[in-house]
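Colleague: I'd like to learn how to read a model like this one, feature by feature. Could you walk me through it?

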Amino acid sequence: MPPIQFVVDRRDAGQTLAAVLKSRFGLSWAQAKRLVEKRHVKVSGQVETDVARRLKLGKRVELAAGTVEIKHAVPPKKAGGTKAAEPAKSAPERPQPPKARPKPASELGLAPDAIVYVDDAVVVVNKPAGLTTMRHKEEAEEFGAHGQRFLTKTLAGLLPTLLGTPDRAVTAVHRLDRDTSGLVVFARTRAAGESLTAQFRKHSTERRYLALTRGVPKPGRVASVFVSDRGDGRRGSTTDLAEDGKRAVTHVEVLEPLGPFALVECRLETGRTHQVRIHLGEAGAPLCGEEVYDRPIDGKPLPDGSGAKRPMLHAARLGFTHPDTGAAVSWEVEPPEDFRRLLVKLRAANESGT
């Protein structure tokens, strides 16, 4: 049996390798993933082991012989040229509705490589800045399923269409701020959601952020108790015992001092709302572009000469125990273009002394 080959057409272009195999051959996500990981798939003549690789128009995909069964409908002929007996006619099959195809990320306002990893249990996404992770529970209840169609899109709402499973919702077990970019994981099954939620509550996940700060924070472990109102309507730390207080711990490392600015890595030991933004702001080194946690209580905002258009925070690394396999998994993604562009600008200004 020869290998199976096909050329990526316009329907497949921009989709992940796993998604294309799944839709073309009726495979499950696990089966498509297994084919790729066992080195049975080639793209343009080279073995491809990345299930999340986005396929380009015109690329040739080859599956090793015997890995996928293709059934032929033409009956064989008997020797001597005699026609084979015709098979008994059966009742015509009822036409099935067409399966939904994954929608290109570009049509949903996402980068082609937004899906970092996907399988039957989880999907890991590189969220762009400016997109809300998920709908708040109160907002969803207020507007209902019909009314939500007219609200601003969320990443959780876009993902089912992007994955080609519009009737299969995903569950966000943690969230990133609207203006924060980077890695976020969604559960695709109830069991996966329960497992991931438990891991985030136990603070056993790995979460590392990159930040551009105005001011250079002191490196080390920062621990405080967060309250919803520190005294001026903003979240923040308190020195008093508070019934609603929550322990927050961040490990700060200065990767690169840049004169009055710095490139900083923050590792979360806990995962409180706005944790990195608050701890850096209270340390006197708020994020470039920060407009909330950039001042002392009842004080004026600290000056910001960076020119940043948003708080410069990026969730660069995410790791957890896979809900199905029990294996330790992790991913790392580069900051988006506006972050990298500002970093180059700050480096140049520091080197020139301006």
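Colleague: Let's begin with a side chain. Which residue's side chain does Arg-230 join in a polar contact?

Modeller: Keep in mind that this is a predicted model. The partner is Asp-232, and the contact between the two side chains is 2.9 Å. Arg-230 sits in the loop between strand E10 (220-227) and strand E11 (236-238).

Colleague: Is Arg-230 buried or exposed?

Modeller: For that, look at relative accessible area, where anything under 20% is called buried. Arg-230 comes in at 15%, so it counts as buried. Then ask what surrounds the residue. Setting aside neighbours within four places in sequence, Arg-230 is in contact with Arg-235, Gly-236, Ser-237, Glu-282, Arg-295, Pro-296 and Ile-297.

Colleague: Okay, what about the whole chain? How many helices and strands does the protein have?

Modeller: There are 7 helices and 15 strands. Of the 354 residues, 41% count as buried. Another handy number is how far along the chain contacts reach: among contacts with a separation of 6 or more, 64% are between residues 24 or more positions apart.

Colleague: Give me an example of parts far apart in sequence being tied together. Which strands do Tyr-117 and Trp-331 lie in?

Modeller: Tyr-117 is in strand E5 (residues 115-118) and Trp-331 in strand E15 (residues 328-332), so their pair ties together parts that are 214 residues apart in sequence. With ring pairs, you read the distance and the angle. Here the rings are 5.3 Å centre to centre with 40° between the planes, which makes the aromatic pair tilted. Both partners are tucked away: Tyr-117 is buried with a relative accessible area of 13%, and Trp-331 is buried at 14%.

Colleague: Which residues do the ring pairs link into a cluster?

Modeller: Tyr-117, Phe-320 and Trp-331. The count for the model is 3 aromatic pairs.

Colleague: Now helices. How do I tell how enclosed one is, and how many residues of helix H4 are buried?

Modeller: Go through the helix residue by residue. In helix H4 (residues 155-162), 6 of the 8 residues are buried, so the helix is largely enclosed by the rest of the structure. Those residues are Leu-155, Ala-156, Leu-158, Leu-159, Pro-160 and Leu-162. They pack against E5, strand E6 (122-127) and strand E8 (181-187).

Colleague: And what covers the buried residues of helix H1?

Modeller: The cover includes strand E1 (4-7), H2, E2 and strand E4 (60-63). The buried residues of H1 (residues 17-25) are Leu-17, Ala-18, Ala-19, Val-20, Leu-21 and Phe-25. A general tip: an α-helix has 3.6 residues a turn, so residues three or four places apart point the same way.

Colleague: What should I look for where a helix ends?

Modeller: Check phi. Just after H1, Gly-26 takes a positive phi of about 65°, and just after H4, Gly-164 takes one of about 80°.

Colleague: Those are glycines. Where else should I look for a positive phi?

Modeller: Most residues other than glycine have a negative phi. Arg-39 has a positive phi, near 65°, and lies in the loop between helix H2 (29-37) and strand E2 (41-43). With a relative accessible area of 54%, Arg-39 is exposed. His-274 also has a positive phi, near 60°, in the loop between strand E13 (261-268) and H6.

Colleague: You mentioned H6. What does Val-276 in that helix touch?

Modeller: Val-276 lies in helix H6 and is buried at 4% relative accessibility. Not counting residues up to four places away in sequence, Val-276 touches Tyr-209, Cys-266, Leu-268 and Leu-313. From Val-276 to Tyr-209 is 8.3 Å, C-alpha to C-alpha, though they are 67 residues apart in sequence.

Colleague: Last one, pockets. What is the volume of the largest pocket?

Modeller: About 880 Å³. Next, check the lining: 28 residues, with His-174, Arg-175, Gly-271, Arg-272 and Thr-273 closest to the centre. The elements giving two or more residues to this lining are helix H5 (190-201), strand E9 (206-214) and helix H6 (275-282).

Colleague: How do the lining residues divide by character?

Modeller: Sort them by residue type: the lining of the largest pocket has 9 nonpolar, 11 polar and 8 charged residues.

Terms used
Residues are numbered from 1 along each chain as its sequence is written. This is a predicted model: local features need pLDDT of at least 70, side-chain atom pairs count only at pLDDT 80 or more; totals for chains, interfaces and linings use all residues. Side-chain values use heavy atoms; hydrogens and water are left out. Rings of Phe, Tyr and Trp (its six-membered ring) pair if their centres lie within 6.5 Å; planes under 30 degrees apart count as stacked, over 60 as edge-to-face and the rest as tilted. Helices (H or I, at least four residues) and strands (E, at least two) are DSSP runs, numbered from the N terminus. Buried means under 20% relative accessible area, exposed over 50%, partly exposed in between (1.4 Å probe, protein chains only). A polar contact is a pair of N or O atoms within 3.5 Å; within protein, one must be able to donate a hydrogen and the other to accept it, and residues adjacent in sequence count only if both atoms are side-chain atoms. Contact means heavy atoms within 4.5 Å. On a 1 Å grid over the protein atoms alone, a cavity is a set of points where a 1.4 Å probe fits but cannot get out, and a pocket is an open set with protein on both sides within 12 Å along at least five of seven lines; lining residues have an atom within 4 Å of a point. Grid points are joined across faces, edges and corners, and a volume is the space filled by probe spheres set on the points. Ala, Val, Leu, Ile, Met, Phe, Trp, Tyr, Cys and Pro count as nonpolar, Asp, Glu, Lys and Arg as charged, and the others, Gly among them, as polar.
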